[in-house]
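Student: Please examine one part of this structure closely, and state the cut-off behind each term you use.

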Amino acid sequence: MENRIKSLIKKLSRLGYHVRPKNNTKIDPVCGMKVSSDLLKTDYQGESYFFCAEHCKEQFDKDPEIYILK
Ligand SMILES: [Zn+2]
C-alpha cells in the first residue's frame, strides 16, 4: 500500500501535478499556501506539517485526517 502510494506520487509529480513536497517548499495542508517559515509546525504520524498561520495550525490539530486525505 505504502509503496503503491509512493510510486503514484512519483508518477504524478513527473506529470507536473502538485504533490506535497518533502524538503524545501512547505505547503500548508489547510489552505494550500506555500509556507516559508517553519515556526508553525505539527508532527502527525511521523510527518511534519507546516502552517502559514496559527489558525490553520489549530484547524489541523483539531482534525488532521481531513487535511491529510485531501
Ligand atoms: Zn494556512
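Tutor: Cys 31 has a relative accessibility of 39% and therefore counts as partly exposed, whereas Cys 56, at 3%, counts as buried. Here buried means under 20% relative accessible area, exposed over 50%, and partly exposed in between (1.4 Å probe, protein chains only). The model is predicted, so local features need pLDDT of at least 70 and side-chain atom pairs pLDDT 80 or more, while totals for chains, interfaces and linings use all residues. Residues are numbered from 1 along each chain as its sequence is written, and side-chain values use heavy atoms, without hydrogens or water.

Both cysteines are protein donors of the zinc ion, together with Asp 28 (OD) and Cys 52 (SG), at 2.0 to 2.3 Å from the ion; a donor is an N, O or S atom within 2.8 Å of this metal. The four donor atoms subtend angles of 97 to 123° around the zinc ion, which makes the arrangement tetrahedral (all angles between 85 and 135 degrees). Along the sequence, the donor residues follow the spacing D-x2-C-x20-C-x3-C. Cys 31 belongs to the loop between S1 and strand S2 (34–35) and Cys 56 to helix H2, so this pair ties together parts 25 residues apart in sequence. Helices (H or I, at least four residues) and strands (E, at least two) are DSSP runs.

Within H2 (residues 54–62), Cys 56 is buried along with Lys 57 and Phe 60. Seen down the helix axis, these residues fall within an arc of 100° (taken from axis to C-beta directions), so they line one face of H2. That buried set packs against strand S3 (41–44), strand S4 (47–50) and helix H3 (64–68), contact being heavy atoms within 4.5 Å. On the other side of H2, His 55 and Lys 62 are exposed.

Methods. Donors are N, O and S atoms within 2.8 Å of the metal (3.2 Å for Na, K and Ca); water is not among the atoms, so sites may look incomplete. Four donors count as tetrahedral if all angles lie between 85 and 135 degrees; four count as square planar and six as octahedral if opposite donors are over 155 degrees apart and all others between 65 and 115; anything else is irregular.
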